[in-house]
Amino acid sequence: MARAAVDHRAEYLLRLGDDALILGQRLGEWCGHAPVLEVDLSLANLTLDLVGEATLLLGAAGDADQLAFHRDVLDFKNCLLVEQPNGDFAQTIARHLLYSTWQHMLLQRLTQSSDQFLREFATKAVKEIAYHRELASEWTVRLGDGTDESAQRMAEGLDWCWRFVPELFEVDDTLQATIDSGIAPDPRQFEEEYRTTIAAVLADAKLEAPADQRPILGGRRGHHSEHLGHILAVMQFLPRTYPDATW
Amino acid sequence: MSSDWPLWEVFVRSKGGLAHRHVGSVHAPDAELALRHARDTYTRRMEGVSLWVVPSVEIVASDPDDAGELFEPAESKIYRHPTFYDIPDEVKHI
């Protein structure tokens with residue numbers, strides 16, 4: 001029994017760590033390509049926060065470098081939302097609004113976790129992600145309530161990402177076990193708050209919430225979209241080709 | 001795109017008790033995002049505890065052509081420098 005409890009905790013750390021790692025890698029793709037220099041720096045800052053969080057979480061789950069660079073697609077446990085392509089700037093903002101709002105609500109509750117590492121981790125990360133959430137909300141409002149073209153792009157970005165939201169609130173056996181042991185918050189407890197918060201941002205942005213679509217699930221079990229393999233190919237190429245490289 | 005965005009001057013207070021100091025400028029569509037851009041551009045390495053942004057067009061600047069009459073008269077007034085006093089070592093930030 002004790003063994004199983006430890007495994008659930010490690011699995012939970014992997015899920016959170018992979019979310020941060022993959023979203024950080026995705027945002028990092030903007031570096032040097034953002035619409036303006038200031039936005040380039042903004043997105044790179046978000047990247048660094050997330051990669052730092054991934055380093056802590058994967059380090060608590062095992063050897064962070066080994067986990068990040070030497071696992072295959074099916075072993076990654078991130079949610080499908082974070083691996084979605086950047087698309088245009090609006091789609092990136094839509095993805096970040098939907099993820100960081102969820103992540104912030106989770107971290108606020110994780111500061112009360114029964115697990116000491118997660119408590120301390122959440123206390124640090126919750127400030128970083130509060131900024132992510134605010135920045136994504138601000139941009140959502142400016143794009144949604146901007147020009148016809150920016151509103152159109154923002155609506156399309158949200159429409160792309162919307163079907164990946166239900167996965168954030170899915171509770172499987174592993175998550176239920178960590179909830180029961182007080183390690184993890186139950187995401188269903190803040191689903192309504194989440195929906196209300198997103199609806200308020202969209203109202204400010206003069207955008208309609210997309211119609212609910214057939215949810216796409218499976219990331220937590222390693223069933224990923226084709227996009228993740230491409231992310232890993234870029235991210236893992238160097239350490240896999242030159243395993244002993246140092247720099 | 002950035003050519004459409006106004007320019008904002010950025011001032012950073014490096015720690016409590018010190019004055020805000022001009023550090024540079026950012027482009028941003030409005031004041032709120034100017035603050036965020038200033039934060040992301042100029043305080044990434046713990047440079048500050050407080051930020052000001054001011055629309056660059058609101059800055060009233062002296063004319064370089066007037067530098068002679070504005071600043072040269074001060075050059076010959078050495079007695080205006082507080083160099084005739086001993087400042088105790090314990091006094092900082094003067």
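## Burial and overall spread

Just 16% of the 94 residues in chain B count as buried. Keep in mind that this is a predicted model.

Chain B has 2 helices and 3 strands, and going along the sequence you meet them as β-β-α-β-α. The radius of gyration comes out at 18 Å, whereas the globule rule gives 12 Å for 94 residues; that is well over the rule, so chain B is more spread out than a compact globule. For the dimensions, look at the C-alpha trace of chain B, which spans about 55 × 40 × 15 Å along its principal axes.

What about contacts along the sequence? Take those in chain B between residues at least 6 apart in sequence: 46% of them join residues at least 24 apart.

## The sheet

The 3 strands of chain B make an open sheet in the order β2-β1-β3, and the pairing is antiparallel. That puts β2 (21–27) and β3 (50–55) of chain B at the edges with a single partner strand each, which is why one side of each has no neighbour in the sheet. On average, and ignoring direction, neighbouring strands here are turned by 30 degrees against each other.

Now for the β1–β3 pairing: strand β1 (residues 7–13) of chain B runs antiparallel to β3(B), and 6 bridges hook the two up. If you want a specific spot to look at, V12(B) has L51(B) in β3(B) as its bridge partner.

## The helix on the sheet

Helix α1 (residues 31–42) of chain B packs on this sheet and touches β1, β2 and β3 of chain B. As for how α1 lies, its direction makes about 130 degrees with that of β3(B).

How values were computed: Residues numbered from 1 in each chain as written. Chains lettered and ligands numbered in written order. Predicted model: local features only at pLDDT ≥ 70, side-chain atom pairs only at ≥ 80, totals over all residues. Pairing = 2+ DSSP bridges. Helix = DSSP H or I, 4+ residues; strand = E, 2+ residues; numbered from the N terminus. Axes fitted to C-alpha atoms, helices over the stretch in contact; angles between N-to-C directions. Contact = placed C-beta atoms within 7 Å. Rg over C-alpha atoms; globule rule 2.2 N^0.38 Å. Buried ≥ 20, exposed ≤ 12 C-beta atoms within 10 Å, placed from the backbone.
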